[in-house]
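This report looks at nonpolar cores and at one helix pair. The sequence and structure come first.

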Amino acid sequence: MDSLTASEQRELQSRMERKQMKEFMGMFSNLVTHCFDSCVDDFTTKSLVQRETGCVSRCVKKFMAGSERIGTRFQEQQAQMMNQPPPGR
Amino acid sequence: MSGMFGFGRPQPSSSEKIAAAEQEMDLITDMFNKLQQACMKKCIPKTYLEGEINKGEGVCIDRCAAKFFDVQLKVSELLQAEAAAKGGAQGGGFGIGGM
């Protein structure tokens, strides 16, 4: 991962941006599916009722919080791995 | 790993380097997504009575993440052992981190 030239950096950067966009779309559609599944299963009304709206907003909020927490643990683990690469190489 | 998409580039090593960096990013992103899916599924009940992560759920996530990494390491070890047993472990690419 060492020594990418400036133009290589730029190419990588633009690929990463495209990838991030794709990631975000994936996350969004996942979250919609998940919160819909978890919160909505009554179809006696046409639009979301208050209970469902509340559930969806809690669902999103909780997902974000969980995502952040997992992200922290993940980063810690990555950092730890950098310091001591697994044996057997 | 060379020349996988060798469309006559002026500097093949350049595109290779970018591809390697990209692949590593992919691996990390994928790992994170898998971890998140697994631990959210196991630790966050689907009832959404509250929007915050409560204490129990938080602890569950922490432990889940730790165990997920343990399993990752364990599986990688087992696969490596398997490959070694099958003869001449030619640096099987199952090691995590550090490519």
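## Contact between the second helices

Two residues are in contact here if they have heavy atoms within 4.5 Å. The model is predicted. In it, helix 2 of chain A meets helix 2 of chain B through Lys62(A), Gly66(A), Arg69(A), Ile70(A), Arg73(A), Phe74(A) and Gln77(A) on one side. On the other side are Glu57(B), Gly58(B), Val59(B), Ile61(B), Asp62(B), Ala65(B) and Phe69(B). By type, the residues of this contact comprise 6 nonpolar, 3 polar and 5 charged.

## Geometry of the pair

The axes of helix 2 of chain A and helix 2 of chain B lie 10 Å apart, and the helices pack at an angle of about 40°. Helix 2 of chain A is therefore oblique to helix 2 of chain B. Their crossing is right-handed.

## Largest nonpolar core

The largest nonpolar core holds 22 residues. Those touching the most other members are Cys39(A), Ile70(A), Phe74(A), Leu35(B), Ile44(B), Tyr48(B) and Ile61(B). At least two residues of this core come from each of four helices: helix 1 (6–39) and helix 2 (50–83) of chain A, and helix 1 (12–43) and helix 2 (55–85) of chain B. Helix 1 of chain B gives the largest share, 6 residues.

A second core, of 5 residues, lies apart from this one and includes Leu4(A), Met16(A), Ile18(B) and Ala21(B).

## Surroundings of Ile61(B)

Leaving out residues up to four places away in sequence, Ile61(B) touches Gly66(A), Arg69(A) and Ile70(A) in chain A, as well as Cys43(B), Ile44(B) and Ile53(B) in chain B. Ile61(B) also belongs to the largest nonpolar core and to the contact between the second helices.

Methods:
Residues are numbered from 1 along each chain as its sequence is written. Chains are lettered from A and ligands numbered from 1 in the order in which they are written. This is a predicted model: local features need pLDDT of at least 70, side-chain atom pairs count only at pLDDT 80 or more; totals for chains, interfaces and linings use all residues. Side-chain values use heavy atoms; hydrogens and water are left out. A nonpolar core is a set of buried Ala, Val, Leu, Ile, Met, Phe, Trp, Tyr and Cys residues joined through side-chain atoms within 4.5 Å. Buried means under 20% relative accessible area, exposed over 50%, partly exposed in between (1.4 Å probe, protein chains only). Axes are lines fitted to C-alpha atoms, for helices over the stretch in contact, and angles run from 0 to 180 degrees between N-to-C directions. Angles under 35 degrees count as roughly parallel, over 145 as roughly antiparallel, 65 to 115 as roughly perpendicular and the rest as oblique. A crossing is left-handed if the near helix is turned anticlockwise from the far one by less than a right angle, and right-handed if clockwise. Ala, Val, Leu, Ile, Met, Phe, Trp, Tyr, Cys and Pro count as nonpolar, Asp, Glu, Lys and Arg as charged, and the others, Gly among them, as polar.
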